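Thanks for sharing this one. Here are my notes, in numbered points, for you to read alongside the coordinates.

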Amino acid sequence: QVQLVESEGGLVQAGGSLRLSCAASGRTVSVSVVGWFRQAPGKEREFVSAITWGGSNTLYADSVKGRFTISKDNAKNTVNLQMNSLKPEDTAVYYCAAGTRLRTIPAAYTYWGQGTPVTVSS
C-alpha cells in the first residue's frame, strides 16, 4: 500500500500563486508515477500534471501549461505542484495520485490522497 497526503490548499486571489505538496509513504517502490488531478463542483475529475520518479518525465494538461510546474524530491518522497497565475477556473479539490504509467486518465492511478481544496477568487 502507498499512502499519499496532500498539503493544505487555500484561498488565493486571481493572479496569485500557491504550492501544493504530496508526501508519499509506505510501499513507494511499487509506484513510478505521481500525478495531480482536480475536481470542481459538478464536474468530472480531470488531469492536471504528472511526473515520473526516475526519469523526470512530465506531463501537463493544456489548461495549466506555462502556469503550473510539477517537481519531485526523491529524498523526501514528495511531489510538488507550483501553481502560478491562478485563475478562478482553477478552483477545485486537488488530488494527488500514484501509479505505474504516465497517463492522463484517473483509472491509470492506483493510489489516491484525500484531496485538498483550492479556491481562486476573482
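1. Let me start with the disulfide: this predicted model holds one. The bond joins C22 to C96, with an S to S distance of 1.9 Å. C22 sits in strand β3 and C96 in strand β9, so the pair ties together parts of the chain that are 74 residues apart in sequence. The torsion about the S-S bond is about -75°, so the disulfide is left-handed. Both C22 and C96 are buried.

2. Next, the sheet that contains β3. Four strands form an open sheet in the order β1-β3-β8-β7, and the pairing is antiparallel. Its edge strands are β1 and β7, each of which pairs on one side only. From one strand to the next, the twist averages 20°.

3. You may like the pairings one by one. Strand β1 (residues 2-6) is joined to β3 by five bridges, the two running antiparallel, and here Q3 stands opposite S25 of β3. Between β3 and strand β8 (residues 78-83) there are six bridges, again with antiparallel strands; L20 has L81 in β8 as its bridge partner. Six bridges also link β7 to β8, which run antiparallel, and D73 is partnered there by T78 of β8.

4. Now to the interior. The largest nonpolar core has 36 residues, and W36, L81, M83 and Y94 are those with the most contacts inside it. Strand β9 supplies the largest share of this core, five residues. Y94 shows how widely such a residue can reach along the chain: beyond its neighbours within four places in sequence, Y94 is in contact with residues including E6, L20, W36, F37, V48, F68, L81, M83 and V118. L81, a name on that contact list, is the β8 residue that bridges to L20.

5. What does A97 touch, once residues up to four places away in sequence are set aside? The answer is L4, V33, V34, G35, F37, Y109, Y111 and W112. A97 belongs to strand β9, which spans residues 92-99. Its relative accessible area is 0%, so A97 counts as buried. For a quick distance check, the C-alpha atoms of A97 and Y111 are 5.5 Å apart, while the two residues are 14 apart in sequence.

6. Two loop residues deserve a look as well. T28 is found in the loop between β3 (18-26) and β4 (33-39). Is T28 buried or exposed? T28 is buried, because its relative accessible area of 16% falls under the 20% cut-off. Leaving out neighbours within four places in sequence, T28 is in contact with V2 and N77.

7. D62 is the other loop residue, placed between β6 (58-60) and β7 (68-73). With a relative accessible area of 66%, D62 is exposed. Its side chain makes a polar contact with the side chain of K65, at 3.3 Å. D62 and F47 are 15 residues apart along the chain, and their C-alpha atoms are separated by 9.8 Å.

8. To close, a reminder of the points I would keep in view. The disulfide links C22 with C96, and both of these cysteines are buried. The four-stranded open sheet runs in the order β1-β3-β8-β7, and β9 gives the largest share of the nonpolar core. In the loops, T28 is buried, whereas D62 is exposed.

Conventions:
Residues are numbered from 1 along each chain as its sequence is written. This is a predicted model: local features need pLDDT of at least 70, side-chain atom pairs count only at pLDDT 80 or more; totals for chains, interfaces and linings use all residues. Side-chain values use heavy atoms; hydrogens and water are left out. Buried means under 20% relative accessible area, exposed over 50%, partly exposed in between (1.4 Å probe, protein chains only). Contact means heavy atoms within 4.5 Å. A nonpolar core is a set of buried Ala, Val, Leu, Ile, Met, Phe, Trp, Tyr and Cys residues joined through side-chain atoms within 4.5 Å. A polar contact is a pair of N or O atoms within 3.5 Å; within protein, one must be able to donate a hydrogen and the other to accept it, and residues adjacent in sequence count only if both atoms are side-chain atoms. Two strands pair if DSSP finds at least two bridges between them. Axes are lines fitted to C-alpha atoms, for helices over the stretch in contact, and angles run from 0 to 180 degrees between N-to-C directions. A disulfide is a pair of cysteine sulfur atoms within 2.5 Å.
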